[in-house]
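Subject: Structure for your review

Dear colleague,

Please find below the structure that I am handing over to you. I would be grateful if you could read the notes beneath with the structure open.

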Amino acid sequence: MATHTATCNSGRSDTISASGNGDGDDVRLIASQSGEFKLDVFLAPEKAIEFARGILELAGDPVTAEARALRVGDRVEITTYREWGSSGFDGRTGRLLEIDNDSTPYMVQFDGGEDWEWATEVRRIPDVTTTSPGPAESQRESFVVRAKQLLDGTTHDGYDVVKMAAFLAGE
């Protein structure tokens, strides 16, 4: 089990430690003051990653900040179309055309076409290669991605994902 400990600058016996076995189990954070246990918190792996990235950003890690910055031309997936609810655009993928400074800052041109839409939140995804799927396959893929998002946290299998993707596609 790996453990990483940070010691407070002003109190050498004040620490915070993170431990875990790296196999997808929760990460445990332990706070101690004057050498005495004060608090422990258990984070799911995805929350621990988000927390760690936030700490790196706060600390001014230029590599992390650079890696996180979205740029025009990036391939992205729409994670939130609008603040007030989901739509058929959530889960769609495409190319980032423009970044604005308002509540829907991301203009995404969808894969395989001329259509585009503004979105509230996007995430960078791997760039497609020349062997990438055509427009119909890409749209199917986006329905599968969205189905997985909607079924996250439920007990489901591949059949459920396919049924949900078909429902989202209007089939």
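The notes below cover a sheet and two threonine residues.

Please bear in mind that this is a predicted model.

The sheet is open and has 5 strands in the order 8-7-6-5-9, with antiparallel pairing. Strand 8 and strand 9 stand at its edges; each has a single partner strand, so one side of each is left without a neighbour in the sheet. From one strand to the next, the twist averages 50°.

Within this sheet, strand 6 and strand 7 (residues 106–110) run antiparallel and are joined by 5 bridges. One of the pairings involves glutamate 98, whose bridge partner in strand 7 is methionine 107.

Threonine 93 belongs to strand 6, which spans residues 93–99. Threonine 93 has a relative accessible area of 8% and therefore counts as buried, the cut-off being under 20%. Its side chain makes a polar contact of 2.5 Å with the side chain of aspartate 111. A polar contact of 3.4 Å also links the side chains of threonine 93 and arginine 75.

The second residue, threonine 120, lies in the loop between strand 8 (116–119) and strand 9 (121–124). Its relative accessibility is 10%, so threonine 120 is buried as well. Leaving aside residues up to four places away in sequence, threonine 120 touches Thr80, Tyr81, Arg82 and Glu83, together with Ser103, Thr104, Pro105 and Tyr106.

With kind regards

Definitions and conventions. Residues are numbered from 1 along each chain as its sequence is written. This is a predicted model: local features need pLDDT of at least 70, side-chain atom pairs count only at pLDDT 80 or more; totals for chains, interfaces and linings use all residues. Side-chain values use heavy atoms; hydrogens and water are left out. Helices (H or I, at least four residues) and strands (E, at least two) are DSSP runs, numbered from the N terminus. Buried means under 20% relative accessible area, exposed over 50%, partly exposed in between (1.4 Å probe, protein chains only). A polar contact is a pair of N or O atoms within 3.5 Å; within protein, one must be able to donate a hydrogen and the other to accept it, and residues adjacent in sequence count only if both atoms are side-chain atoms. Contact means heavy atoms within 4.5 Å. Two strands pair if DSSP finds at least two bridges between them. Axes are lines fitted to C-alpha atoms, for helices over the stretch in contact, and angles run from 0 to 180 degrees between N-to-C directions.
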